[in-house]
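These are my notebook entries on one structure. I set out to look up how its strands pair and where one chosen residue sits.

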Amino acid sequence: FGALEVHVDGSHPEKVVSVHARAYKVEEGTGTFYIDGTEYKVEKGDLFVIRQGSRYSYNGKMTLFEINIPAQD
């Protein structure tokens, strides 16, 4: 797997998950994720998984811990 810290201060354009799964944990702050047309309000401590082939975007002011399984992209 691959992992990285993402600092968000604004918005991230829509992408499609090309790995088997992508997980995010909100380390700090708040924001909104849009996954396959559904809106999710997120805050510190939230953890969720986005499946391969799903479309997603996000916005807010937050620090995310991102995990890609397997690390292909």
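Before the entries, I note one term: two residues are in contact when they have heavy atoms within 4.5 Å of each other. I also record that the model is predicted.

Entry on Thr63. I first looked up where Thr63 lies, and I found it in strand β5, which covers residues 55-69. I then asked whether Thr63 is buried or exposed. Thr63 has a relative accessible area of 15%, and it counts as buried because this value is under the 20% cut-off. Next I listed the contacts of Thr63, leaving aside its neighbours within four places in sequence. The list holds Glu5, Val6 and His7, and also Lys25, Val26, Glu27 and Glu28.

Entry on β2 and β5. I turned to the pairing of β5 and found that it pairs with β2 in the antiparallel sense, over 14 bridges. As one position to inspect, I noted that Phe33 stands opposite Tyr58 in β5.

Entry on β2 and β4. I looked up strand β2, residues 21-35, together with strand β4, residues 47-51. These strands are antiparallel and pair over five bridges. Which residue of β4 is the bridge partner of Tyr24? I found that it is Phe48.

Entry on β2 and β3. Strand β3 spans residues 38-43, and six bridges join it to β2 in an antiparallel arrangement. I recorded Thr38 in β3 as the bridge partner of Ile35. The two strands form a hairpin with two residues between them. In the turn, I noted that Asp36 has a positive phi of about 50°.

Notes:
Residues numbered from 1 in each chain as written. Predicted model: local features only at pLDDT ≥ 70, side-chain atom pairs only at ≥ 80, totals over all residues. Heavy atoms only, no water. Helix = DSSP H or I, 4+ residues; strand = E, 2+ residues; numbered from the N terminus. Buried < 20%, exposed > 50% of the residue type's maximum accessible area, 1.4 Å probe, protein only. Pairing = 2+ DSSP bridges.
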